[in-house]
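Please open the model in your viewer, with the sequence panel beside it, and keep a selection tool at hand. The tour moves from one selection to the next and says what is found at each stop.

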Amino acid sequence: MELTLPRQGLMLALSSPSGAGKSTIARALLERDPHITMSVSCTTRPPRLGEMDGRDYHFIGIDLFLEMMEGGQFLEHARVFDNFYGTPRGPVGDTLASGRDVLLDIDWQGTQQLCLNVRADLVTVFILPPSMEELEQRLRTRAQDGDEMDHWFEYDYILLNTEVERSVTRVQAILDSERLKRDRQIGMAAFVNRLRGR
Ligand code: 5GP
């Protein structure tokens, strides 16, 4: 029988150069693990083919983005290429408070802001491609981002994505271990007291 104690949720931030397989890994993790949900970011970029408003992003205009930014409604925000991206604060806070975890697909700038502001609840993972050839091949149809790779050393965990299945298993292992950290097991003290009949 599984015994579930109250726990403080965590934020799992995944970053990588585009084309390294981050979204595939994120999708597989979300399918496999019922205790983590994706944070839906706001962006000023237009939707791509197949993207759905409210599921992939909240596609909003620049005016609303700036208004939200000034109103402190983003947990972090950044300009990536020519567009703005931000993580809405409210939904993340609600999820963490309910003892569930949040998956964030954000760039290095956003990760740096979270490191400064919410370090205790944050776990960061950087995904690298196994070779530049592989990355370049995948990038042929995607936007280039040279900067991202320079920041790998700022992350807690570094993953070489040689094989998607193995990478998903590893991210799951990171998540499982981080959930077991004492500080996140906020129901443990009461449990131990009950265990000892106090
Ligand atoms: P794309 O436009 O290809 O969906 O995303 C471009 C980049 O923006 C990716 O590296 C992605 O991780 C990042 N990104 C997406 N949403 C956010 C966000 O809310 N905050 C930050 N800082 N980066 C984001």
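Which pocket is the space taken by the ligand? Bearing in mind that this is a predicted model, select the ligand to begin with: the space it takes is the largest pocket.

Next, select the shell around the ligand, which numbers 15 residues, with S41, R45, Y57, Y85 and D105 coming nearest. Colouring this shell by class shows five nonpolar, four polar and six charged residues.

Now display the side chains of S41, D105 and D107, and look at their polar atoms. A polar side-chain atom of D105 lies 2.6 Å from an oxygen atom of the ligand, and S41 likewise places a polar side-chain atom 2.7 Å from a ligand oxygen atom. At D107, the partner on the ligand is a nitrogen atom, which is 2.8 Å from an N or O atom in the side chain. With a surface switched on, consider that the ligand taken alone exposes 510 Å², of which the protein buries 90%.

Then switch to a cartoon view and select β5 (74-80) and β6 (83-88), each of which supplies at least two residues of the shell around the ligand. Both strands belong to an open sheet of four strands, in the order β4-β3-β6-β5 and with mixed pairing. Its edge strands, β4 (58-59) and β5, each pair on one side only.

Finally, select β3 (residues 42-43), which pairs with β6 in the antiparallel sense over two bridges. Here T43 has Y85 of β6 as its bridge partner, and Y85 is also one of the residues that come nearest to the ligand.

Methods
Residues numbered from 1 in each chain as written. Predicted model: local features only at pLDDT ≥ 70, side-chain atom pairs only at ≥ 80, totals over all residues. Heavy atoms only, no water. Near = heavy atom within 4 Å. Polar contact = N/O pair within 3.5 Å; in protein donor to acceptor, adjacent residues only side chain to side chain. Areas by Shrake-Rupley, 256 points an atom, 1.4 Å probe, with all protein chains shown as cover. 1 Å grid on protein atoms, 1.4 Å probe; cavity = no way out; pocket = protein on both sides within 12 Å on 5 of 7 lines; lining within 4 Å. Sits in = over half its atoms within 2 Å of the grid points. Nonpolar A, V, L, I, M, F, W, Y, C, P; charged D, E, K, R; others polar. Pairing = 2+ DSSP bridges.
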